[in-house]
Amino acid sequence: MTTSTIVAVALWIVALWRLPSIRHSHKQRALALTMVSLATAMTFEVSQVRDAVNALAGAEVRLPPLLKHLLGVISAAYLLDFVIAVVRPKGLARRTRLIAIGMTLPLMLTFYGLANWTSSGPIRIGEGRAALFPVLYMAVFTIYVGLSMIVATTLFLGGVRLSRTLLGKAGLGFLGLGTLLGSLYAIQRVTFVVVHLSTDTSYPDLENFLSTLLKQAAVLSIAFGLCLPPLSVAVDYARSWDTLRRLRPLWRELTGAVPYVVLTTAVRRWRIPFRLERCVIEIEDASLALREYVSMNVYEKAQDFVRREGAPDEDVDATAEAAWLRAAVQRTSAHQPLKEVEYPPLGVTDRDRVSELAWLLKVAKAYRSATVVEFCDSGQSFARQ
């Protein structure tokens, strides 16, 4: 299997993975169409595909290079749309971009049709009176791709600091690297054209090697970069699922004692982040309701008991909160809420999202610990409320 085939297969895997998201938003549509365009373009570099197209259209038409370059321009346009949607949601030079792509594709088709191509050699070489048109064709293609990649590189690398997740930053970094390599691809194409026109000297082997290397490295870097932000979403989803799994036992205990805090609206099982948010809200509402069954005195006794049991200082407050919550759950069935007493504090108060979840996970773990069970079974939680 050749390198071109491996690259094309890899791109199609990513393209087919992203294709279902085409209907979700403008950003997702641009991402999916970028990958489909790149995958299709690189498919025309596979020798079997190229030979099959030449057999259908005729080798003298040189259709595979034209299709590959047109798709390259289209993928560059969609990639630019994607990065602008990510980094500049308010838009950037939309009219200019539409005019540029609207002129580039017709000019490429026109110059390609007028060119008098040689039967072999680099695509920019022509002969006779039409020798200028291959140069114009490649100039239009290279200028559009080069400028698009330079703008995209600036936006991608500038957006790295704006991403909130490590995988998001890495994804934008790889995308920026890919578009930078795309810029270098365009620059080296221009360089070889200038050298050939000014000195009548060509280096076809070196040009082909550099073009292929830069092109394949660019598209693979872009494909890898496009995979990382969705992977970040998947990691967050898995983390939310794990947090929900660890909080559910505490949720069942607390809401079982005060079931009226549970919201009645049903939530689909696959909506894990939403279910986690709801679980946290209902745990906090249940805690507010349950603390009316215990006094501050119980919380202070729980702290003293936990310290005597040798709990680390950083775990004392969370374990003490788990203790008074368990004591409150035990009192709900046979006691009325306490009046005119000071209630225990809630540890989640005035916390950000990350520390809030970390606190609740500590409380959930401590709730079933031997220390908390022993405190509640010892009767200390009921003495002198």
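The following paragraphs describe the fold, the nonpolar cores and selected residues of a predicted model.

The secondary structure of the chain consists of 13 helices and zero strands. Read along the sequence, the elements accordingly give the pattern α-α-α-α-α-α-α-α-α-α-α-α-α. The C-alpha trace spans about 105 × 45 × 40 Å along its principal axes. The radius of gyration is 32 Å, whereas a compact globule of 385 residues would have a value near 21 Å. Of the 385 residues in the chain, 46% are buried. The chain exposes about 20,200 Å², and carbon and sulfur atoms supply 62% of this area. Among contacts between residues at least 6 apart in sequence, 74% join residues that are at least 24 apart.

The largest nonpolar core comprises 46 residues, of which L11, F82, V83 and F156 touch the most other members. The elements contributing two or more residues to this core are α1 (3-18), α2 (26-43), α4, α5, α6 (132-159), α7 (166-199) and α8 (204-257). The largest contribution, 11 residues, comes from α4. With neighbours within four places in sequence left aside, V83 is in contact with R88, A152, L155 and F156. Another core lies apart from the largest one and contains 45 residues, among them L254, A286, V329 and W359.

Helix α2 was examined in more detail. Its 18 residues reach 26 Å from the first C-alpha to the last, close to the 26 Å expected at 1.5 Å a residue. The buried residues of α2 are Q28, A30, L31, A32, T34, M35, S37, L38, A39, A41, M42 and T43. These buried residues pack against α1, α3 (47-57), α4 and α8.

Three individual residues were also considered. H69 is found in helix α4. With a relative accessible area of 6%, H69 falls under the 20% cut-off and is therefore classed as buried. H69 and C227 are 158 residues apart along the chain, and their C-alpha atoms are separated by 24 Å.

S287 lies in helix α9, which covers residues 272-290. The relative accessible area of S287 is 5%, so this residue is likewise buried under the 20% cut-off. The side chain of S287 reaches the backbone oxygen of I283 at a distance of 2.8 Å. Beyond neighbours within four places in sequence, S287 is in contact with L254, W324, L325 and L346. One of these contact residues, L254, is also a member of the core of 45 residues.

A93 is located in the loop between α4 (63-87) and α5 (94-114). Although A93 is not a glycine, it has a positive phi of about 50 degrees. The relative accessible area of A93 is 45%; this value lies between the 20% and 50% cut-offs, so A93 is classed as partly exposed. The loop residue A93 is thus partly exposed, whereas H69 and S287 are buried. The two helices that flank this loop, α4 and α5, are both listed among the elements that give two or more residues to the largest nonpolar core.

Technical notes. Residues numbered from 1 in each chain as written. Predicted model: local features only at pLDDT ≥ 70, side-chain atom pairs only at ≥ 80, totals over all residues. Heavy atoms only, no water. Helix = DSSP H or I, 4+ residues; strand = E, 2+ residues; numbered from the N terminus. Buried < 20%, exposed > 50% of the residue type's maximum accessible area, 1.4 Å probe, protein only. Polar contact = N/O pair within 3.5 Å; in protein donor to acceptor, adjacent residues only side chain to side chain. Contact = heavy atoms within 4.5 Å. Core = buried A, V, L, I, M, F, W, Y, C linked by side-chain atoms within 4.5 Å. Rg over C-alpha atoms; globule rule 2.2 N^0.38 Å. Areas by Shrake-Rupley, 256 points an atom, 1.4 Å probe, with all protein chains shown as cover. Expected span 1.5 Å × (residues − 1).
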